[in-house]
Amino acid sequence: MNGKVNGAVETCRGEDKFVMSKKFKSYLNFSNPTIARNFDPEECAWAYGMNVFDLAAWRKTNISSTYYHWLDENLKSDLSLWQLGTLPPGLIAFHVVSEPKQGCVSRR
């Protein structure tokens with residue numbers, strides 16, 4: 001995974017324009033200066049339920065503390081940094097340590 005922690009299927013490319021058109025702007029509140037300053041609204045989102053994690057790489061990072069930092073920031077902003085759900089904080093925590101993967105898995 002090229003040293004990345006997370007291998008994930010992107011959800012901004014594909015034929016199904018409803019499912020495969022998700023970018024950060026679909027989940028994060030870019031009218032909030034904290035979000036606008038730290039993230040790109042056009043960055044491709046990824047399917048949080050279809051991931052491969054490199055646990056050795058994870059242990060070398062501080063992803064868990066990054067995740068909790070952004071949860072705290074959201075609480076401080078009266079829950080205004082993103083739409084409710086579990087995907088937005090995951091997108092934030094893993095955005096620089098994710099490797100895009102193909103949308104299908106071969107069976108043997």
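Which residue in strand 2 does alanine 8 stand opposite? Hold that thought, everyone, and we'll get there once we have our bearings.

Hi all. A word of caution before the tour: what you have on the screen is a predicted model.

Let's start with the overall plan. The protein has 4 helices and 3 strands. If you walk along the sequence, the pattern you meet is β-α-β-α-α-α-β. Of its 108 residues, 33% count as buried. The accessible surface comes to about 7000 Å², and carbon and sulfur atoms account for 54% of that. Now for contacts across the sequence. Take the contacts between residues at least 6 apart in sequence: 67% of them join residues at least 24 apart.

Next, the sheet. Its 3 strands form an open sheet in the order 2-1-3, and the pairing is mixed. Which strands stand at the edges? They are strand 2, residues 46–53, and strand 3, residues 98–101. Each has a single partner strand, so one side of each is left without a neighbour in the sheet. On average, neighbouring strands here are turned by 40° against each other, if we ignore direction.

If you're new to sheets, here is a bit of background. Strands of a sheet pair through backbone hydrogen bonds, and they can do so parallel or antiparallel. In our protein, strand 1, residues 6–10, pairs with strand 2 in the antiparallel sense, over 4 bridges. And that brings back my opening puzzle: the residue opposite alanine 8 is asparagine 51.

Now look at what lies over the sheet. Helix 4 lies across strand 1, strand 2 and strand 3, and runs at about 50° to strand 2.

That helix leads us to the core. Nonpolar side chains tend to be buried together in soluble globular proteins. Here, the largest nonpolar core has 20 residues, and among those with the most contacts inside it are Leu28, Trp70, Ile92 and Phe94. Helix 3, residues 63–76, and helix 4, residues 87–94, each supply at least two residues of this core. Which helix gives the most? That is helix 4, with 5 residues.

Let's zoom in on phenylalanine 94. Setting aside residues up to four places away in sequence, phenylalanine 94 touches Val5, Asn6, Trp46, Phe53, Trp58 and Ile63.

I'll finish with two residues that make a nice pair to discuss. The first is alanine 57, in helix 2, residues 55–59. Is alanine 57 buried or exposed? Its relative accessible area is 12%, under the 20% cut-off, so alanine 57 is buried. Beyond residues up to four places away, alanine 57 touches Gly3, Lys4 and Val5. Methionine 1 is 56 residues from alanine 57 in sequence, yet their C-alpha atoms are 9.8 Å apart in space.

The second is asparagine 38, which has its place in helix 1, residues 33–38. Asparagine 38 has a relative accessible area of 41%, so we call this residue partly exposed. A polar atom of its side chain lies 2.7 Å from the backbone oxygen of threonine 34. Leaving out neighbours within four places, asparagine 38 is in contact with Trp70 and His95. Asparagine 38 and isoleucine 92 are 54 residues apart in sequence, but 9.4 Å apart in space, C-alpha to C-alpha.

That's my tour. Thanks for listening, and I'm happy to take questions!

Notes
Residues numbered from 1 in each chain as written. Predicted model: local features only at pLDDT ≥ 70, side-chain atom pairs only at ≥ 80, totals over all residues. Heavy atoms only, no water. Core = buried A, V, L, I, M, F, W, Y, C linked by side-chain atoms within 4.5 Å. Buried < 20%, exposed > 50% of the residue type's maximum accessible area, 1.4 Å probe, protein only. Contact = heavy atoms within 4.5 Å. Polar contact = N/O pair within 3.5 Å; in protein donor to acceptor, adjacent residues only side chain to side chain. Areas by Shrake-Rupley, 256 points an atom, 1.4 Å probe, with all protein chains shown as cover. Pairing = 2+ DSSP bridges. Axes fitted to C-alpha atoms, helices over the stretch in contact; angles between N-to-C directions.
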